[in-house]
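The report below describes a single protein chain, moving from one annotated residue to the fold as a whole and then to further annotated sites.

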Amino acid sequence: MPELPEVETVCRGLRPWLEGARLAEVMQRRADLRWPLPDGFAARLQGRRIERVERRAKYILCHLDNDEVLLAHLGMSGRMVVAADADAPLEPHDHIVLVTDAGAQVRFNDTRRFGMMDLVPESGLERHWLLKDLGPEPLGNAFNGPALAAKLAGRRTPIKAALLDQKTVAGLGNIYVCEALFFARLSPRRLAYTVQGRRAESLAHAVREVLTRAIAAGGSSLRDYRQSNGELGYFQHDWAVYDREGEACPGCDCEIAACGGIRRMVQSGRSTFYCPRRQR
DNA sequence: CTACCATCCTGGTTGC
DNA sequence: TGCAACCAGGATGGTA
């Protein structure tokens with residue numbers, strides 16, 4: 001699912017409804033998502049004020065007024081839906097419902113239930129087992145060519161797999177890895193340790209660029225994903241290679257009949273889309 | 001370290 | 001049309 005641009009869009013959509021609001025009521029409709037929810041989950045949220053909504057990688061962090069943080073991940077199919085009508089009946093897979101003192105409702109809906117929520121003390125946030133090994137934020141100051149090169153040094157795994165690894169850089173998923181490799185003109189098969197110097201510079205730049213453009217478009221909408229106001233993101237129309245097998249490469253001017261256009265292959269069990277002519 | 005696989009779930013699409 | 005197989009934006013954990 002949702003990768004960094006979609007999660008960023010969700011956070012931006014939630015802020016007007018949640019920041020500064022107090023949770024008047026929290027409905028927990030099942031005991032577990034991907035993992036069990038913590039003991040007393042709903043009761044511990046009830047009455048708390050949400051001070052800030054932040055994003056770290058693909059995680060949503062709601063900082064509460066008691067120095068705890070509501071940590072959430074959307075998994076593959078998770079959505080945060082702001083209910084226009086608070087009386088509207090709950091949908092299937094609406095697992096958690098937050099009701100604010102202003103009467104707004106945020107419903108966490110997750111069909112495949114690969115998402116998670118947890119309550120974490122602010123002081124131990126960085127040491128949380130899901131956060132402690134995350135690499136740098138790709139849009140932060142710590143992410144650049146040399147930093148990426150250092151992470152890739154010595155790694156004999158394909159660059160595609162290295163970028164999907166959240167320890168290398170945090171927040172990329174299958175779509176944006178394919179897109180970034182295309183713009184950096186690097187083959188997804190290239191071994192990670194060979195991406196150094198100018199290539200690492202170019203890749204770091206491509207990652208930043210594609211994420212920035214995707215956020216500006218409100219993310220990509222596949223089957224499940226919508227912005228929290230119900231609008232669709234539209235970056236899926238801007239994909240250069242993802243889900244475009246057989247189409248013409250937007251960077252080459254060759255005849256499709258001759259080159260076959262964009263290819264699809266499977267790497268570590270996931271689809272990779274690329275242009276074999278342009279990406280080396 | 002690395003690759004590979006299974007796993008958690010549901011639902012939409014494809015192919016026979 | 002029916003039904004089964006396959007596929008999907010994520011991420012962990014085990015094995016060899």
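## Pro 2 and the annotated active site

Leaving out residues up to four places away in sequence, Pro 2 touches Val 7, Lys 58, Leu 74, Gly 75, Met 76 and Gly 78, where contact means heavy atoms within 4.5 Å. The model is predicted, so local features need pLDDT of at least 70 and side-chain atom pairs count only at pLDDT 80 or more, while totals for chains, interfaces and linings use all residues. Residues are numbered from 1 along each chain as its sequence is written, chains are lettered from A and ligands numbered from 1 in the order in which they are written, and side-chain values use heavy atoms, with hydrogens and water left out.

Pro 2 lies in the segment before helix H1, and with 5% relative accessibility Pro 2 counts as buried; buried means under 20% relative accessible area, exposed over 50%, and partly exposed in between, with a 1.4 Å probe and protein chains only. Helices (H or I, at least four residues) and strands (E, at least two) are DSSP runs, numbered from the N terminus. Glu 3 is likewise placed in the segment before H1 and is buried, at a relative accessible area of 4%. Apart from neighbours within four places in sequence, Glu 3 is in contact with Lys 58, Gly 171, Leu 172, Gly 173, Asn 174, Ile 175 and Tyr 176. In an unreviewed UniProt entry, the annotation "active site" covers Pro 2, Glu 3, Lys 58 and Arg 270; UniProt positions are given in the numbering used here, feature names are shortened, and annotations may be inferred rather than shown by experiment.

## The chain as a whole

Chain A contains seven helices and ten strands. The unreviewed UniProt entry places the feature "domain: Formamidopyrimidine-DNA glycosylase catalytic" at residues 2-115, a span that is 18% helix and 39% strand and whose end C-alpha atoms lie 11 Å apart.

The radius of gyration of chain A is 20 Å, which agrees with the value near 19 Å that a compact globule of 280 residues would have; this radius is taken over C-alpha atoms, and the globule rule is 2.2 Å times the number of residues to the power 0.38. Along its principal axes, the C-alpha trace of chain A spans about 60 × 40 × 30 Å. Of the 280 residues in chain A, 52% are buried, and among contacts in chain A with a separation of 6 or more, 66% are between residues 24 or more positions apart.

## Helix H5

Helix H5 (residues 174-183) has nine of its ten residues buried, so this helix is largely enclosed by the rest of the structure. The buried residues of H5 include Asn 174, Ile 175 and Tyr 176, which also appear among the contacts of Glu 3. Packing against the buried residues of H5 are helix H1 (4-18), helix H4 (159-164), helix H6 (197-216) and strand S10 (270-274). After H5 comes Arg 185, whose phi is positive, near 60 degrees.

## Annotated binding-site residues and Phe 143

The unreviewed UniProt entry applies the annotation "binding site" to His 93, Arg 112 and Arg 155. These residues span 63 residues in sequence, and the farthest two C-alpha atoms are 40.1 Å apart, so they do not all gather at one spot. The table sets out two of these residues together with Phe 143.

| Residue | Location | Relative accessibility |
|---|---|---|
| His 93 | loop between strand S5 (78-83) and strand S6 (94-100) | 35%, partly exposed |
| Arg 155 | loop between helix H3 (145-152) and H4 | 24%, partly exposed |
| Phe 143 | loop between strand S8 (116-121) and H3 | 2%, buried |

Not counting residues up to four places away in sequence, His 93 touches Phe 108, Asn 109, Asp 110 and Thr 111. With the same exclusion, Arg 155 touches Ala 162, Asp 165, Thr 168, Leu 191, Ala 192 and Tyr 193. The residues touched by Phe 143, again not counting those up to four places away in sequence, include Pro 136, Leu 148, Val 169, Ala 204 and Arg 208. The C-alpha atoms of Phe 143 and His 205 are separated by 9.4 Å, although these two residues are 62 residues apart along the chain.
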